[in-house]
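Hi everyone, thanks for having me. Have a look at the sequence and the structure on the screen, and I'll talk you through them.

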Amino acid sequence: MELQERTANVVSLTPRAAEKIRELMSQETDVSVLRVAIEGGGCSGFQYGLGFDRAAQEGDLEFEEDGVQVVVDPFSAPYLTGATVDYLETIQESGFKIENPNAVASCGCGHSFQVAEGEAPEDATGCGSGCAH
């Protein structure tokens, strides 16, 4: 039970984001989870990764948020704890936006961020989405 309580707060989805994710997932075949990850790179040090996957991988944190199965790898979880994924459709912008309390600075595009010095692991060039940078 303690693990479920901890993982329930890793990432939140707004109702708009969950609705859009469910809509997009219904158009895909052979996917069942939303993977939220961070990757080393981007103009501010880290960048967000959102994508669909077939299933959780070994070690992933798994939880349901507003009808969406969400997975977060253990590398990304500390950087995403408390983050909220929203979906915006305005005259100025549309798409997914992540509000992250762990980010101390973000680039203008909002897709990359920095964490406080000393909080990044030594291998910050790694990737939570399974790729190798």
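Let's start with β2 and β5: these two strands run parallel and are joined by 2 bridges. Strands here are DSSP runs of E with at least two residues, helices are runs of H or I with at least four, and both are numbered from the N terminus. Two strands count as paired if DSSP finds at least two bridges between them. In this parallel pair, R35 stands opposite V71 in β5.

Before I go on: this is a predicted model, so local features need a pLDDT of at least 70 and side-chain atom pairs count only at 80 or more, while totals for chains, interfaces and linings use all residues. Residues are numbered from 1 along each chain as its sequence is written, and side-chain values use heavy atoms, with hydrogens and water left out.

Back to β2. It also pairs with β3, in the antiparallel sense, over 8 bridges, and there E39 stands opposite Q47. How many of the residues of β2 are buried? It's 8 of 8, where buried means under 20% relative accessible area, exposed means over 50%, and partly exposed is in between, using a 1.4 Å probe and protein chains only. In a regular strand the side chains alternate between the two faces of the sheet. For β2 both faces are covered, with V33, R35, A37 and E39 on one side and L34, V36, I38 and G40 on the other.

Just ahead of β2, in the loop coming from α2, you'll find E28. E28 is partly exposed, at 43% relative accessible area. Its C-alpha atom is 8.8 Å from that of F52, although the two are 24 residues apart along the chain.

Now the open sheet: 3 strands in the order β1-β6-β7, with mixed pairing. β1 and β7 (94-99) are at the edges with a single partner strand each, so one side of each has no neighbour in the sheet. β1 and β6 pair in the parallel sense over 3 bridges, with S12 opposite T84 in β6.

What about the core? The largest nonpolar core has 24 residues, and V11, L13, V72 and L80 have the most contacts inside it. Such a core is a set of buried Ala, Val, Leu, Ile, Met, Phe, Trp, Tyr and Cys residues joined through side-chain atoms within 4.5 Å. Its largest share, 4 residues, comes from α2. Leaving aside neighbours within four places in sequence, L80 is in contact (heavy atoms within 4.5 Å) with residues including V10, V36, Y48 and N102.

On to the rings: there are 3 aromatic pairs in the whole structure. Phe, Tyr and Trp rings (for Trp, the six-membered one) pair if their centres lie within 6.5 Å; planes under 30 degrees apart are stacked, over 60 edge-to-face, and the rest tilted. F75 and Y79 have ring centres 5.9 Å apart and planes at 45°, so they're tilted. F75 is partly exposed at 23%, whereas Y79 is buried at 5%. Ring pairs link F46, F75 and Y79 into a cluster.

Last, confidence. pLDDT is the predictor's confidence in each residue, from 0 to 100. The protein averages 78, and 69% of the residues score at least 70. Where is confidence lowest, and where is it highest? Helix α1 (residues 2-8) is lowest with a mean of 44, and helix α2 (residues 15-26) is highest at 97. Over residues 120-133 the pLDDT is below 50 too.
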